[in-house]
Amino acid sequence: ANGPPPIWGAIIGSVVAFIAQFALFNICTCAMYDAFYRLHPGWTNVHHIIWEAAWIALSVLFVAVRVVKLTIVAALQIGRIDVPFLAEGVGDIGGFRLDRGFSIASSDMPGMFTSSEI
């Protein structure tokens with residue numbers, strides 16, 4: 001496959017998310033706290049609720065994207081009787097791997113699936 005290895009996407013995404021979180025949290029924290037004293041207790045509580053809701057929404061978004069990817073892969077493979085659904089390369093579309101989930105999970109289970117089973 002062409003392009004950078006998948007680990008670079010995870011590293012770059014994690015660094016960008018960490019920098020954004022650090023910047024936003026520090027900007028809001030500086031405006032709401034003076035040492036351990038809350039300058040605006042009500043707004044601080046609202047800020048923390050919004051922050052937690054954003055993380056929950058991000059988790060739901062990741063799950064929803066994964067469900068859409070798996071649905072697309074399943075829809076494209078539904079008529080193929082020559083290839084089992086869990087075979088290697090099932091999620092590849094035009095040189096692009098749509099879903100890396102199974103290959104990541106199956107790499108943790110060596111010997112569980114043999115080539116004759118899938």
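## A walk through the helices, starting at Thr44

Setting aside residues up to four places away in sequence, Thr44 touches Met32, Tyr33 and Arg38. Thr44 sits in helix α2, and with a relative accessible area of 0% it is buried. Please keep in mind as we go that this is a predicted model.

Let's follow one of those contacts, Met32. This residue belongs to helix α1, and because its relative accessible area is 13%, below the 20% cut-off, Met32 counts as buried too. What is Met32 in contact with, leaving aside its neighbours within four places in sequence? The list runs through Tyr37, Arg38, Leu39 and His40, and then on to Trp43, Thr44 and His47. Arg38 also appears among the contacts of Thr44. As for Trp43, its C-alpha atom is separated from that of Met32 by 7.7 Å, with the two residues eleven apart along the chain.

His47 takes us a little further. Its place is in helix α2, and at 10% relative accessibility His47 is counted as buried. Not counting residues up to four places away in sequence, His47 touches Phe25, Cys28 and Met32. Phe25 and Cys28 fall within the span of helix α1, residues 6–32. Met32, then, is in contact with both Thr44 and His47.

Now to the aromatic rings. How many aromatic pairs does the structure have? The count comes to one. The partners are Phe18 and Phe22, whose ring centres are 6.1 Å apart with 25° between the planes, so the pair is stacked, the limit for that being under 30 degrees. Why are these two residues separated by about one helical turn? Because they are four residues apart in helix α1. Are Phe18 and Phe22 buried or exposed? Both are exposed.

The two phenylalanines also belong to a nonpolar patch on the surface. Its other members are Ile7, Trp8, Ile11, Ile12, Val15, Val16 and Ile19, and together the patch residues have about 930 Å² of accessible area. Take Ile19 as one example: it is found in helix α1, and because its relative accessibility is 53%, over the 50% cut-off, it counts as exposed. Helix α1 therefore holds exposed Ile19 as well as buried Met32.

Stepping back, the protein has three helices and four strands. Along the sequence they follow the pattern α-β-β-α-β-β-α. Of the 118 residues, 11% are buried; Thr44, Met32 and His47 are among them. The accessible surface comes to about 9,200 Å², with 73% of it belonging to carbon and sulfur atoms. Among contacts with a separation of 6 or more, 33% are between residues 24 or more positions apart.

A last word on confidence. The mean pLDDT of the protein is 75, and 74% of the residues reach 70 or more. Which elements have the lowest and the highest mean pLDDT? Helix α3, residues 101–107, is lowest at 56, while helix α2, residues 41–77, is highest at 85. Where pLDDT is low, the predicted coordinates should not be read in detail. Thr44 and His47, for their part, lie in helix α2, the element with the highest mean value.

How values were computed
Residues numbered from 1 in each chain as written. Predicted model: local features only at pLDDT ≥ 70, side-chain atom pairs only at ≥ 80, totals over all residues. Heavy atoms only, no water. Phe/Tyr/Trp six-rings, centres within 6.5 Å; stacked < 30°, edge-to-face > 60°. Buried < 20%, exposed > 50% of the residue type's maximum accessible area, 1.4 Å probe, protein only. Patch = residues over 30% accessible without salt bridge, like charges linked within 9 Å, V, L, I, M, F, W, Y side chains within 5 Å. Areas by Shrake-Rupley, 256 points an atom, 1.4 Å probe, with all protein chains shown as cover. Salt bridge = Lys/Arg side-chain N within 4 Å of Asp/Glu carboxyl O. pLDDT = per-residue confidence, 0-100. Contact = heavy atoms within 4.5 Å.
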